[in-house]
Amino acid sequence: MIDIPKIFKRDDADGNPLRLTLPLLPLRDIVVFPHMVSPLFVGRSKSINAISEAIHSRDKFILLATQSDPGKETPRENEINRIGTVAKVLQVLRLPDSTVKTVVEGKQRARILEFRPNESFFEVTLEMIEEPELNQSEKEAFFRNIVSLLNEYGELNKNFSKDTIKNIAAITDPVTMIYIVAGHFSFKTDDNQFLLETDAVSDRLTRLIELIKQEIIILETDKVIKTRIKEQMDKSQKNYYLNEQIRAIKKEMGSDDAEIDELQELEKRIQDAKMPEEADTKARHELKKLKMMTPLSAEATVVRNYIDWLISLPWSKKTKIAKDIEKARKILDEDHYGLKKPKERILEYLAVQTLVKKIRGPILCLVGPPGVGKTSLAKSVARATGRKFVRLSLGGVRDEAEIRGHRRTYIGAMPGKIIQSIKKVGVTNPVFCLDEIDKMSMDFRGDPSAALLEVLDPEQNYSFNDHYLDVEYDLSDIMFITTANTLPEIPLPLQDRMEIIRLSGYTEIEKYHIARNFLVPKQIKQNGLKKSKVLFSQNAIYTIIRDYTREAGVRNLEREIASVCRKVAKELVKTRKGVNGKAIAISSKTVIKYLGPGRNHFSLVEKENQVGIVTGLAWTQFGGELLCVETVTMPGKGEFTVSGKLGDVMKESAKAAISYVRSRSEQFNMDQHFYEKLDIHIHVPEGAIPKDGPSAGIAMCTAIISALTRLPVDRNVAMTGEITLRGRVLPIGGLKEKVLAAHRGGIKKILIPKANERDISDIPASVAKQLEIIPVEHMDEVVKHAIIEIDGKPLYNLTQNFDPDHLHDSHIVVTDA
């Protein structure tokens, strides 16, 4: 029984076990036994407070109990074992990281009776546990058994000294022996807790003997494994020595074996590979080194793999390039609808190929939104030219070694993806598609885009040097085609190496032809239907395109067509008509029935001529759109407001338009001081959609003029163009998509910049002949075509006809209609 200070004792006249009130320190993964001195590192605030309380108020006594879940940062009362050890704090040291190192000495077992309310630390009421006695004969038997096992353990573990065993054998108290022995072993926490909390001494001694036997079995198994490994190593060294002797004997006898056969085969393959002089010399040098090495050495494997890579590459093997331009054109048209410019560039290359024996492979970069057919076009190019096709995705590549390969000094080194792909395709002149070239990134391992500069430079790639091969390889015969979604993500030096071909989104007409000629037959076949039994009408396809997809490519269009085909298949199976029943016609109503209400809508021409409302034209990556520009005036103090989530460029166009109108107010028969009396508000509907770009300048200017003169705008007129302060109309982009959107919306007349007149040829003839497309150079021409006069009232007074040559005069005045 330990000597407990009287200040902790409770009055107990009946002689019951001693009860104390002490702070509690919960422990993780450790059990502190009586008679055991142990260092503890304490970091939890409650635990630090408990130690402080023990030192200052409890004569350094504290209860140590192990928590059942070591992962809990703040254990609850029911998660702390009820049997612990009363210990005395011997030393406390505060560390720089706010933790506390303390040394404690276990004194006696104790049982927690109750937890007392305390927010700062765990405080418990406990009773001391007296250790029961054991009869002499039983004690002697256990002692002999334990000492015998410790001697056996000491033979296996040299770190367990004989002095330790002697000290343990000198102990006469069985409970003390349990605690001392357990302290010298790394038993599991649950086993240690069992040795602490079990009352029966014989049970605890029996369990201790079992645990020591388990440790002995583990050490014996470990010894067997180490012996086996040592024997294997000795055997390998012995085999190596014997192999070297056999090799020397056979060399003296001039005999042949499998190894010599392998080396001779490698030498023959080097001769047949027809490598360039540099690579051939390198391969023969490595083969000579290999002959001097033992077959079992690690370096021999590295050298053999290197020689295999050299002789497996296609140094001179090529495919014959098809030079029939008409056949190539037919193949390209079979695989893709539209894409006029890329097809023309491929045919130009084939034409030059027929005239020149060898030209350096062109490096094309197809830039366009997802789903427009960039990768599939590269496959078609391979088919049209008779070349093999190989594709390498660069999305997410961030290591330079992925392109140039690893140096052979590294373990597991191998060539880069370029050389690997060439080995895979087996020829030196394939069509090589580098997909998603704009999705590369970089980190501390290097910049893969910089490594591609050599690959994609026609002036350098004839001598490409892979770090693994360490010899030059000719890439000039390869036709590289790269693909990207956005051009700005490609570094400028890399852009300079490539010929950029932009693939804009497909128009509705192009999507219709793609769906009719490619997607519908493909999905009918994939869904187990017959082409003659499922008939898609023109209106059905256009309904899917307009109401259920909004994309630049045709991936979603294909998904929606597939959805319709699946529902048709389901209906056929359900009604048991099968594929031999009556043909099913897919109309617009059928599409709505299968796919539900339309998810998209497109703008249509206004129903009547209105003041201050102008139809503009906008370009999106999904195609063209009609853009309604609304302007209203109201009495005020000259405030000018624009709304509709417009970008900075569009806001500047609005300011330019209002400045132009103010400078021409006299010619427009306006009050020259209107900007002091009226507030003007320009709004572009669908305010949740961001809008930007300069092409709405003339539309906003026309809307302002209409609102100030109270003259309506012709609802059948749509316009696009950038405006300057002098009223000049500057060119814009995306004319083809904008004109198609106007045609779809029912517009009859379109005003475009004069400089865009050259782009009219890109518009399908079937659309262009149904529209009146008027090129304009100045805002005055726009007003004449868009503003409707009322009761013969002219918009403004003109004394001379408009003359484009006067555009250089910033003070031009047009005064005659």
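Here are a few worked exercises on this structure, which is a predicted model.

**Exercise 1. Work out which parts of the chain the salt bridge between arginine 109 and aspartate 199 ties together.**

Step 1: Start with the contact. The side chains of arginine 109 and aspartate 199 form a salt bridge, at 3.5 Å from N to O.

Step 2: Now find where each partner sits. Arginine 109 belongs to strand E5 (residues 100-116), while aspartate 199 is in the loop between helix H5 (189-197) and H6, so the pair links parts that are 90 residues apart in sequence.

Step 3: Check how covered the two are. Buried means under 20% relative accessible area. Arginine 109, with 1%, is buried, and aspartate 199 is partly exposed at 40%.

Step 4: Zoom out a bit. Arg109 and Asp199 belong to a network of salt bridges that also takes in Arg111, Glu127, Glu131 and Arg204. The structure as a whole holds 39 salt bridges.

**Exercise 2. Decide whether glutamate 123 and arginine 116, partners in a salt bridge, are buried or partly exposed.**

Step 1: Look at the contact: the side chains of these two meet at 3.7 Å, N to O.

Step 2: Take glutamate 123. Its relative accessibility is 10%, so it counts as buried.

Step 3: Take arginine 116. At 33%, this residue counts as partly exposed.

**Exercise 3. Find out how far apart in the helix arginine 144 and glutamate 140 lie.**

Step 1: Both residues are in helix H2 (residues 136-156), and they are 4 residues apart, about one turn of the helix.

Step 2: Their side chains meet in a salt bridge of 3.4 Å, N to O.

Step 3: For cover, arginine 144 is exposed, with a relative accessible area of 61%. Glutamate 140 has 34% and counts as partly exposed.

**Exercise 4. Name the residues of the positive surface patch that includes Lys223, and place Lys223.**

Step 1: The patch is made up of Lys158, Lys162, Lys166 and Lys223.

Step 2: Lysine 223 is found in helix H6 (residues 201-253).

Step 3: With 51% relative accessibility, lysine 223 counts as exposed, since the cut-off for exposed is over 50%.

**Exercise 5. Say how many residues of helix H24 are buried, and what follows the helix.**

Step 1: H24 covers residues 735-744, and 8 of its 10 residues are buried, making the helix mostly covered.

Step 2: Among the buried ones are Leu735, Glu737, Lys738 and Arg744.

Step 3: After H24 comes glycine 746, which has a positive phi, near 90 degrees.

Conventions: Residues numbered from 1 in each chain as written. Predicted model: local features only at pLDDT ≥ 70, side-chain atom pairs only at ≥ 80, totals over all residues. Heavy atoms only, no water. Patch = residues over 30% accessible without salt bridge, like charges linked within 9 Å, V, L, I, M, F, W, Y side chains within 5 Å. Areas by Shrake-Rupley, 256 points an atom, 1.4 Å probe, with all protein chains shown as cover. Salt bridge = Lys/Arg side-chain N within 4 Å of Asp/Glu carboxyl O. Lys, Arg positive; Asp, Glu negative; His and termini not counted. Charge placed at Lys NZ, Arg CZ, Asp CG, Glu CD. Helix = DSSP H or I, 4+ residues; strand = E, 2+ residues; numbered from the N terminus. Buried < 20%, exposed > 50% of the residue type's maximum accessible area, 1.4 Å probe, protein only.
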